[in-house]
Amino acid sequence: MAITGEARILSPHELVTLPRPGGVATAPSGKRAVFAQSQYNTTADKSTKNLHVVDLENSKIGTVTAASLDYQQDDAFFLDDDHIAFYQTGIDLDVGQVYVLNIRESDAKPYQLTKFPVDVSNFKFYAESKLLAFSAAVYQDGTLEGARAEDEKIQKEKKDSALVYDSLMVRHWDHFTSAKKNNIFIVKLELQDGKYQVNGSPKNLMKGGNLESPVLPFGDAANFDLSPNGKQLAFVSKISGPEGAWETSQHVYLVSTDGNSEPVAINHDIPAAANNPVFAPDGTLAYLQMLEPKYEADRNRIVLYDGKTRTYVAENWDRSPSSLVFSKDSKTIFVTAEEHGHTKIFAIERETGNVKTLTEKHTASSLSVLNGKLVFSLASMNHPNIVSSVDLESGELKTYGVTNELAVLMKGLDMPTPEEFWFNGSLNAKVHGWIIKPTDFDSSKKYPVAFLIHGGPQGSWGSSWSTRWNPQIYAAAGYVTVAINPHGSTGYGQEFCDAIRNNWGSYPYYDLDKGLTYVIENFDFVDADNVFGLGASYGGYMINWINGHSKRFKALVNHDGMFSTINSFYTTDELYFPEREFGGVPFNPFHRLSYERWSPSNYVANWKTPTLVIHGARDYRLVDGEGLATFTALQRQGVPSKLVYFPDENHWVLKPANSLKWHKEVLDWLARWKNSPSPIAEDDNLNVKDSAGVHIDIEQLVHGIRSNLTGPRLELQK
């Protein structure tokens, strides 16, 4: 968008209150698309969420449900070209319900389609069979009514607050596990007298088993799909039992929609994660399969299943697809996959495995195949989701604009264009990074640096829009924003991603250090004396690691980072993650070597850099004790530090008011130390020392552990 009128910067308030368009769903004819858009109201401390329809023939966008603080509409989908169904919550609804709106009639009002007794979600409608599939959390009896009755019984009769467990996992992401499990239901819809209605009762296709789908905590409608003839449902479910805490095994199941058979796994022989089952129009089932156990960042392979045989498509393609859809003739598979900081769309020939790149820039999602084109959402570092399409014959990329509300607020926002660079990193590999110049950039000046470190660690800084870690915020605040994708990052080949295993503080750290050097040496406007490091999750781990190994940073920001590798193992929800990253379990003396080698806690005596520590109480991935331990280590040594604690947030800060507070604390912390004298003396050698000031050689410590593998007790010689 061209900047017109008086330019404005992307302040935290602008970011948090900017409308947020969601994914796009298309009509069967391909003439229209619908999406939900939310917007935060700071006065009411509430958000609106309503629906908008895009005319894909003339690019006009119309609002079809009014924005309201009392009602929200989401998860919209087309029942036919004229009828949109959506999930509505509101002040007079005990639980959310599905509503229908005829968009062809200008004066039509939404009418209620369902009367579910409990909350449901993850809707998929199959026009040919008229079946609506959705998920709900239910108890062992598998019914929606039973779930409602049991919830009411517990609320009425349970007096204590105890949660009792006899196996893992006890909690996951941000909630404690319960007896309820996600199950998939189907129900028939029919059109009578111009209105849709439910025909019969919802049928649970997973009733009576221990399977769960969609899979928590982030599973959604991509976890299941219905066959074209409506006779089979494919879904993914993780293994049940305590092993699910330390294994990633997740299988694809098939079950008949008649409700008279048990689900059958088609890939039970592979102890790794599978996802995204999708039926082709010809009935072939495709899904994404990892092959390495305990590893959630292994490369996804595309698998086809014809009812008897599994075959791989483009098996040697060194990219990891995250979603897939078929062409109308079933001959082409369209996928999204990360590549060099962008999530691109690729077309893969089913027979030959040939791969063609359809989009080169930014982040594509929500693919639909329609009338010789793909319709999808496209986001970048400069813009949230925009409904877009690519012509499958000409390759022409088209965008359809945004809502008036978003257009008005985006108009005049001065957001510099991100630039990409490459440099030589660890293992003689080329490493990719982003740099964004400050708003109102003047090449004759020098600017401080906001050096961002991503989490994961198997993740990346990509050309996408974020309301949590948005690089443009720091550019708007006057910083050169640098974001590097070191070893361990996704989108640069599996070998590059895998290199971080047992090397958390080596190759990625060296890449970040080399990348900072490259930026300082190649961009004259960078102020090397005012560099600030910021990171979350693994990025927070790296902030602690940097504090023990580097003097290059004026101040640091650690959000939900790791303090102790060993303590994190015993307190995290998903044990398979540290077991894979550090080679095994820490109570095995040999595996403990890796945990000890890469634990920031072993280098606390070196910490000198002022650090802001942020943590959420409901973070069960890296528990709040990690943040409190970090703050304690800083305070006990007199290192300037500050703790910001959110009792109601998880691993992320999601509530808009909390987000505003988060941004204020972070930017204030950077401003406090900008141009201030460094607290790190030039003669500090960054040696590891114990509390008595005695030098500890970590390599010698590791050797001591190796020599004493038979016993857990270690003695350090002064």
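Which residue does the side chain of K180 meet in a salt bridge? In this predicted model, the partner of K180 is D151, with an N to O distance of 2.9 Å. K180 sits in the loop that runs between β12 (175-176) and β13 (181-192), whereas D151 belongs to helix α2 (residues 144-157), so the salt bridge ties together parts of the chain that are 29 residues apart in sequence. K180 has a relative accessibility of 23% and therefore counts as partly exposed. D151, with a relative accessible area of 27%, is also partly exposed. Both values fall between the limits of 20% and 50% that bound this class.

The pair formed by K180 and D151 belongs to a set of 30 salt bridges found in a search of the whole structure. Another member of this set joins the side chains of R310 and D269, with 3.0 Å from N to O. This pair links distant parts of the chain, 41 residues apart: R310 is located in strand β22 (residues 310-313), and D269 in the loop between β18 (264-265) and β19 (274-279). R310 counts as partly exposed because its relative accessibility is 29%. For D269 the relative accessible area is 48%, which again places the residue in the partly exposed class.

A salt bridge within a helix is formed by E596 and R592, whose side chains meet at 3.1 Å, N to O. The two residues lie four positions apart in helix α10 (residues 589-597), so about one helical turn separates E596 from R592. The partners fall in separate accessibility classes: E596 is buried, at 11% relative accessibility, while R592 is partly exposed, at 28%. Salt bridges also connect E292, D498, R501, R580 and E581 in a network.

Polar contacts were examined around N102, a residue of strand β7 (residues 97-102). N102 has a relative accessibility of 13% and therefore counts as buried, the limit for this class being 20%. A polar atom of the N102 side chain lies 3.0 Å from the backbone nitrogen of R104. The side chain of N102 is further joined to the side chain of E105 by a polar contact of 3.5 Å. When neighbours within four places in sequence are left aside, N102 is in contact with D82, H83 and A108.

Conventions: Residues are numbered from 1 along each chain as its sequence is written. This is a predicted model: local features need pLDDT of at least 70, side-chain atom pairs count only at pLDDT 80 or more; totals for chains, interfaces and linings use all residues. Side-chain values use heavy atoms; hydrogens and water are left out. Buried means under 20% relative accessible area, exposed over 50%, partly exposed in between (1.4 Å probe, protein chains only). A polar contact is a pair of N or O atoms within 3.5 Å; within protein, one must be able to donate a hydrogen and the other to accept it, and residues adjacent in sequence count only if both atoms are side-chain atoms. Contact means heavy atoms within 4.5 Å. A salt bridge is a side-chain nitrogen of Lys or Arg within 4 Å of a carboxyl oxygen of Asp or Glu.
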